[in-house]
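Here's a quick briefing to read alongside the model. Have the sequence open and the 3D view ready to turn.

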Amino acid sequence: MPEDETAPAASVLQDPTAHDDLDDWGPVPDMIEGQSHTDGTLLHKGPDGESECGIWECTPGHWECVVERDEFCHFLGGRATYYPEDGEAFEVREGTVAFFPEGWTGTCEVHDTVRKVYMCR
């Protein structure tokens, strides 16, 4: 880092499982069944607008899923099943860590409201 620049400040959020100040991020597009709705908190967005991290929460429903950027996530609660277009279905629940590469396609079925912390790049 050049001497005339300062390092960016760290973004910190204590206890993301209990954080209840979430913003309304609206309904999930491309629903197959149900009416999933999302809320979240953006913790950081990179200067290029591409990378970001935060909390995401989603109510039950089933929808088409296309991953537009690499995404790493750690599920904090709830339960969902992902059905890859070209692979075996898998379930996520509290404690699950997953990586979805850019271009991943399939469907997601949320059984119990899920909450995750995520980072996209």
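Throughout, buried means under 20% relative accessible area, exposed means over 50%, and partly exposed is in between (1.4 Å probe, protein chains only). By that yardstick R79, at 26% relative accessibility, counts as partly exposed. Bear in mind that this is a predicted model, where local features need pLDDT of at least 70, side-chain atom pairs count only at pLDDT 80 or more, and totals for chains, interfaces and linings use all residues. Residues are numbered from 1 along each chain as its sequence is written, and side-chain values use heavy atoms, with hydrogens and water left out.

**The β6/β7 hairpin and R79**

- Strands here are DSSP runs of E with at least two residues, and helices are runs of H or I with at least four, numbered from the N terminus.
- β6 (residues 71-84) and β7 (residues 90-93) pair in the antiparallel sense over four bridges; pairing takes at least two DSSP bridges between the strands.
- The two strands, β6 and β7, make a hairpin, with five residues between them.
- Within this pairing, A80 sits opposite V92 of β7.
- R79 belongs to strand β6, and its side chain makes a polar contact with the side chain of E91 at 3.2 Å.
- A polar contact is a pair of N or O atoms within 3.5 Å; within protein, one must be able to donate a hydrogen and the other to accept it, and residues adjacent in sequence count only if both atoms are side-chain atoms.
- Not counting residues up to four places away in sequence, R79 touches E91, V92, R93, V110, H111, D112, T113 and V114, where contact means heavy atoms within 4.5 Å.
- G106 is 27 residues from R79 along the chain, and their C-alpha atoms are 17 Å apart.

**The nonpolar core**

- A nonpolar core is a set of buried Ala, Val, Leu, Ile, Met, Phe, Trp, Tyr and Cys residues joined through side-chain atoms within 4.5 Å.
- The largest one has 19 residues, and those touching the most other members are C58, W63, A80, Y82, F100 and V110.
- At least two residues each come from β4 (52-58), β5 (61-66), β6, β8 (97-100) and β9 (105-120), with β9 giving the most, at five residues.
- Setting aside neighbours within four places in sequence, W63 has a long contact list, including V28, P29, M31, W56, C58, G106 and V110.

**T107 on β9**

- T107 lies in strand β9 and is buried, with a relative accessible area of 13%.
- The T107 side chain has a polar contact with the side chain of H62, at 3.1 Å.
- Beyond neighbours within four places in sequence, T107 is in contact with I32, H62, W63, E64, C65, T81, Y82 and Y83.

**H19, ahead of β1**

- H19 falls in the segment before β1 (23-27) and is buried, at 18% relative accessible area.
- A polar atom of the H19 side chain lies 3.4 Å from the backbone oxygen of D21.
- Leaving out residues up to four places away in sequence, H19 touches L13, T41, I55 and R115.

**Cysteines**

- How many disulfides (cysteine sulfur pairs within 2.5 Å) turn up in the whole structure? A search finds zero.
- C53 is in no disulfide, and the nearest cysteine sulfur, that of C120, is 9.3 Å away; C53 is buried, with a relative accessible area of 18%.
- C73 is buried too, at 0% relative accessibility, and its sulfur is 8.1 Å from the closest cysteine sulfur, in C120, so that pair is too far apart for a bond.

Note on methods. Disulfide = S-S within 2.5 Å.
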